[in-house]
Each structure stands twice: as C-alpha cells, then as structure tokens.
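Let's take a walk through this one, starting with its empty spaces and ending with its backbone oddities.

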Amino acid sequence: MTTVLGIETSCDETSAAVVDDGRLVRSNVITSQVDLHRKYGGVVPEIASRAHLECLDVIIAEALETARCRPSEVDALAVTNRPGLVGALLIGVTAAKTLSWAWSKPLTGVDHIRAHAVSAALELGKPPWPAVALVASGGHTSLYLVRSYTDVEVLGRTTDDAAGEAFDKVAAILGLAYPGGPEIERLARTGDPHAVDFPRTMLGPDSLDFSFSGVKTAVLYHVHGCGRTTGGLERLGPQNKADIAASFQQVVIDVLVRKAMLAARQTRCSTITLGGGVAANRTLRDALAAACAERRYTFFATPPAYCTDNAAMIAALGCHQLRAGHAAALDLDACASAR
Ligand code: KG4
Ligand code: ZN
C-alpha cells in the first residue's frame, strides 16, 4: 500500500488529503477563503497567499488526524505546482518540499488541471481509461484523451474565458455573489432555458476548443442594452433574471456536451468522464449523462466532493505519477500556466 499526503493551494481553497493507493480517500480537508474574497467580487492573489500561509499547517495536521495517519506512515508527498496563482502555489510547494526533506519522503509536483481530468476515477474499483475527459473549471475548459494516469493528450482547450469564469462573470452581471456558478445554478432552477437565444460558439465543425466570452458579452448587452455596460439591471424583475441565468447555463451546457460527444467520435472512445468545479453543476451532469446514455457511452462524473479544488485528487494522481517514476527534486518550482 502507498499512502500519499496531498497538498493543494492553487487558488482560494486550502486543502490537504491522505489517499491510499491513488484511490482510497482517508481524509480530504478543504477550507475555502471565499468569504475573504467575496467583497472584491473575485480572488485577490495577495490575500489568497496570506490565507494559505496562515492555515496550511493546521489543515495538514487535520488531514493526518482525520485519516489517523502518523507522519511516519506517509510514503510520499504530492503537491499542486501548476497552474494557478503563483504566490498561492508557492505556499503549498514550499510546505511540501519542507515535509519531503524533513521526513525523507519522495515528492511529486502535480498539474491540478490534469488532476481534475482523472478525478472521476477516485473511489472507482478500476480506472476507466481510455476515456475522453472533459474538465470545466474556473480557469480552464479542456478535453483530454486519457490513456492512463500519466499518458494524457490534450484534444482541445479554452481560447478565452473558461466555463467557470463565464459563470462567475455572468453572475456578477446579474448582481449575484461570488463564486457565481452555484448562484447561477440556483437561480436557473426557476428560469426558462429557452427564454433568451444566446449564441453558442463552436469555433468550427471539427474544433474541440472552447470560447465562452461571446455568450458572456451577449448576456451583458442583453441586460444593459446593445453596447452598454451599466444601467439595465434595475429594469429586470426576478423572473427575467432567472430566465437569463437558465438560458446562459443552457448555452454553456450545450457547448460542453456537443464538444464532448464530438471528441468521443473523433477519438473513437466510448467512455466519457467529467471533472472540475463546473462539474458540480447538476444540470450539466444530467445533460452529459443523458447524451452518453443515448449513444450507449459509459459515463463517469467526478463525485461532487472532488469537483472543486481539493487535495484528494492531487494525492491520487501524485501516487500514480510516483509509480510511473515521476518524482520531483527539491528545486520543484511553482508555475502559473498549464502544460
Ligand atoms: O475547479 P475549481 O474549483 O477551480 C479552478 O480550478 O478554477 O472551479 C471553480 C469554478 C468557479 O468558476 C465556480 O463558479 C464554478 O467552478 N462552479 C460552478 C458550480 N460550482 C462551482 N459552476 C457551475 N455550477 C456549479 N454548481
Ligand atoms: Zn481547479
């Protein structure tokens, strides 16, 4: 058995987890800084770094305690070292390197978007690969062909705003709180998804890349009037807002589902997985499940607890990386961009 302590500090969640054999989650402690950032309408990098620094040691201790795991029982450390806010990543990377040195245990650096891409395998009896993995998070929307935990090919990615970013920005346009995804999902429940015909940007019939900035701008002009960026919100009643939220959400879901089906066709792969923060959206999960059922594809959605940023998926992928020989040295660095 391999026990890995995972650490994740890429954005505004501080998380530590203990995972056995890259699959069995013994603990997954997450503390969100969302209350610190809410009044600014988004994540403030400097505040995020300081908040990670203040609580990471407590979160690590809690993860070990919850798992009833002594430091001597940890076989290795895995830490998110990309992509994310560089100052925030550095807090986790420095902590992991320090523990690796102090405990004389191997260390591996994990790309957290790749971890979202394989998070659907968490707690499954056997890994679902090969699979087309759709990742929809705050900073990235990507499609991958996952052949194994460490053999992952990029099929398509964000060309501008990611899906989660679009949810957050549309929520701000509608005067909803940050983070916007859950707020839009809640409001959309009482809205008509066909009320407003916002654009579905496909970037060409064979493209697996994503663009959500057009729909965001279309919502902005729908609310305020063409070419205007203020002044229109007060004119909207609660039902108008719910209809806009539902119509916007439907556009994002339609594009994500269509591209995932296109990726499956292009790669001749009949297993689809879904991960990332936006994967917490119930309507998206149901729509993708229905599209897969129609085509007799196998579908695995990441369990809701592991959709938004968490260290369990970092420890899990880290375990498989170490088994494949991808250990890092103590000069492991943090990097803002994805691979
Ligand atoms: O993966 P994640 O925790 O962080 C990044 O790697 O970016 O994703 C966060 C994003 C945010 O944009 C948030 O609004 C979105 O996931 N999100 C949702 C839902 N829950 C979180 N979007 C739509 N529906 C949700 N229920
Ligand atoms: Zn993420």
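How many nonpolar, polar and charged residues does the lining of the largest cavity have? Keep in mind that this is a predicted model. The lining has eight nonpolar residues, two polar ones and no charged ones.

**The cavity**

A search of the whole structure turns up one cavity of 30 Å³ or more. About 40 Å³ of space lies in the largest cavity. Its lining is made of G22, A115, V118, S119, A121, L122, Y149, M313, A316 and L317. Two helices, α4 and α10 (311-323), each supply at least two residues of that lining. Of the elements involved, α10 gives the most, with three residues.

**The pockets**

Now for the open spaces. Here is how the two largest pockets and the largest cavity look by volume and lining class.

| Space | Volume | Lining by class |
|---|---|---|
| Largest pocket | about 1200 Å³ | 17 nonpolar, 17 polar, eight charged residues |
| Second largest pocket | about 200 Å³ | seven nonpolar, three polar, one charged residues |
| Largest cavity | about 40 Å³ | eight nonpolar, two polar, no charged residues |

The largest pocket is lined by 42 residues, and C11, G138, G139, D168 and Y178 are the ones nearest its centre. Where do these lining residues come from? At least three come from each of domain 1 (3-120 + 309-323) and domain 2 (124-302). In terms of helices, α4 (112-118), α5 (163-173) and α6 (180-188) each supply at least two residues. The biggest share is from α5, which gives seven residues to the lining of the largest pocket.

The second largest pocket is lined by H52, L53, L56, D57, I60, L90, I91, T94, A95, T98 and L99. Two helices, α2 (45-66) and α3 (86-103), are the elements that give two or more residues to this lining. Between them, α3 gives the most, with six residues.

**The zinc site**

Helix α4, already met at the largest pocket and the largest cavity, also has a hand in the metal site. Which atoms coordinate the zinc ion (ligand 2)? The donors are NE2 of H112, NE2 of H116 and OD of D309, at 2.0 to 2.2 Å. Along the chain they follow the spacing H-x3-H-x192-D. Because H112 and H116 are four residues apart in helix α4, about one helical turn separates them. Both H112 and H116 are buried.

**Cysteines**

A disulfide is a covalent bond between the sulfur atoms of two cysteines. How many disulfides does the structure hold? The count is zero. C11 is in no disulfide, and the nearest cysteine sulfur, that of C55, is 14 Å away. With a relative accessibility of 23%, C11 counts as partly exposed, and C11 is also among the residues nearest the centre of the largest pocket. C307 is in a similar spot as far as bonding goes: the closest cysteine sulfur, in C292, is 15 Å from the sulfur of C307, so it is too far for a bond. Is C307 buried or exposed? At 0% relative accessibility, C307 counts as buried.

**A contact across the chain**

V170 lies in helix α5. This valine is buried, with a relative accessible area of 0%. V170 and F248 are 78 residues apart along the chain, and their C-alpha atoms are separated by 8.2 Å.

**Backbone oddities**

Most residues other than glycine have a negative phi, and most peptide bonds are trans. Against that background, a few places deserve a second look.

Two peptide bonds ahead of prolines come out cis. One joins R82 and P83, with omega about -25°, and P83 is found in the loop between β4 (76-82) and α3. The other runs from W129 to P130, with omega near 0°; P130 has its place in the loop between α4 and β6 (131-136).That same loop between α4 and β6 also holds E123. Phi of E123 is near 75°, a positive value in a residue other than glycine. E123 is partly exposed, with a relative accessible area of 44%.

L203 also has a positive phi, near 60°. L203 lies in the loop between α6 and α7 (213-224), and is partly exposed, with a relative accessible area of 39%.

How values were computed. Residues are numbered from 1 along each chain as its sequence is written. Chains are lettered from A and ligands numbered from 1 in the order in which they are written. This is a predicted model: local features need pLDDT of at least 70, side-chain atom pairs count only at pLDDT 80 or more; totals for chains, interfaces and linings use all residues. Side-chain values use heavy atoms; hydrogens and water are left out. On a 1 Å grid over the protein atoms alone, a cavity is a set of points where a 1.4 Å probe fits but cannot get out, and a pocket is an open set with protein on both sides within 12 Å along at least five of seven lines; lining residues have an atom within 4 Å of a point. Grid points are joined across faces, edges and corners, and a volume is the space filled by probe spheres set on the points. Ala, Val, Leu, Ile, Met, Phe, Trp, Tyr, Cys and Pro count as nonpolar, Asp, Glu, Lys and Arg as charged, and the others, Gly among them, as polar. Domain bounds come from an automatic or database domain assignment. Donors are N, O and S atoms within 2.8 Å of the metal (3.2 Å for Na, K and Ca); water is not among the atoms, so sites may look incomplete. Buried means under 20% relative accessible area, exposed over 50%, partly exposed in between (1.4 Å probe, protein chains only). A disulfide is a pair of cysteine sulfur atoms within 2.5 Å.
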